[in-house]
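Me: Could you walk me through the charges and the overall build of this protein? I'd like short answers that I can follow by eye.

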Amino acid sequence: SNGYITFGSFNNISKVNKDVVAAWAQVLNAVPGSRFLMKSRLFVDEEGRDRWIGLFAEHGVGSERLEMRSVTKTPAEHLSLYNEMDIALDSFPYSGTTTTFESLMMGVPVVSLAQAPPHGSHSHNVSASVLTQVGREAWVAWTREEYTSIAAALASDTSMIAEQRKTLRAALLASPSCQGEEFMQAVDSEYRGMWTRYCAS
């Protein structure tokens, strides 16, 4: 509705390294006019903001395309910021967990870069697992090139973004990730199976 796509990430800033900034900048450069929304307590002062502005500038992204927010007073205020974001870009190799659930709960698609075994770790692939559980495995990239192309393709379909805003929460709540009782029954079954195999050995 504002005439441009806003990508963003509320992941802990300690998860964001220079490779992640480069990937985010590549996405921004692939979608002309797009902007990026970040949130961190580091942005409370000018020095903190300037460091990240400089990192994006190294890849041709000007400060006018960056929106940097500091801490919010309440969880509701924090979640409301997702209303200003169209597409969330995940960090790597340490992906989001809480922020991925938050994004989906607020109807914001998440693009995540996964890594296949044997190198892929739990921390790298949490978002990929969540997205798969929600039936959005098409948003999981396996290369940097796919990461950019998936994000750019999502950005080109504003009607789909609007539809996801309406439907993603229900999809998340209906997914196995949010079925606590069923999940614990499955875990219990696995433990019992392991114990039975151990006793039989």
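Reply: Happy to! Let's start with the counting rule for charges: Lys and Arg count as positive and Asp and Glu as negative, while His and the chain ends are not counted. The place of a charge is taken as NZ of Lys, CZ of Arg, CG of Asp or CD of Glu. The model is predicted, so local features need pLDDT of at least 70 and side-chain atom pairs count only at pLDDT 80 or more, whereas totals for chains, interfaces and linings use all residues. Residues are numbered from 1 along each chain as its sequence is written, and side-chain values use heavy atoms, with hydrogens and water left out.

Me: How far apart do the centres of the positive and negative side chains lie?
Reply: The protein has 17 positive and 22 negative side chains. The centres of these two sets are separated by 3 Å.

Me: How many salt bridges are there?
Reply: A salt bridge here is a side-chain nitrogen of Lys or Arg within 4 Å of a carboxyl oxygen of Asp or Glu. By that rule, the count is three.

Me: Which residue forms a salt bridge with Arg69 at 2.5 Å?
Reply: Arg69 lies in strand 3 (residues 66–69), strands being DSSP runs of E with at least two residues, and helices runs of H or I with at least four, numbered from the N terminus. Its partner sits in the loop between helix 3 (75–80) and strand 4 (87–89), so the pair ties together parts that are 15 residues apart in sequence. With the closest N and O atoms 2.5 Å apart, that partner is Glu84.

Me: Is Arg192 buried or exposed?
Reply: Arg192 meets Asp188 in a salt bridge, 2.9 Å from N to O. Both lie in helix 8 (residues 180–200), four residues apart, about one turn of the helix. Buried means under 20% relative accessible area, exposed over 50%, and partly exposed in between (1.4 Å probe, protein chains only). At 56% relative accessibility, Arg192 is exposed.

Me: Which residues do salt bridges with shared partners join into one network?
Reply: Arg69 forms a salt bridge with Glu67, at 3.0 Å between the closest N and O atoms, and another with Glu84. The network is therefore made of Glu67, Arg69 and Glu84.

Me: What is the radius of gyration of the protein?
Reply: The protein has eight helices and six strands. For 201 residues the globule rule (2.2 Å times the number of residues to the power 0.38) gives 17 Å. The protein is close to that, so it is as compact as a globular protein of that length. Taken over C-alpha atoms, its radius of gyration is 18 Å.
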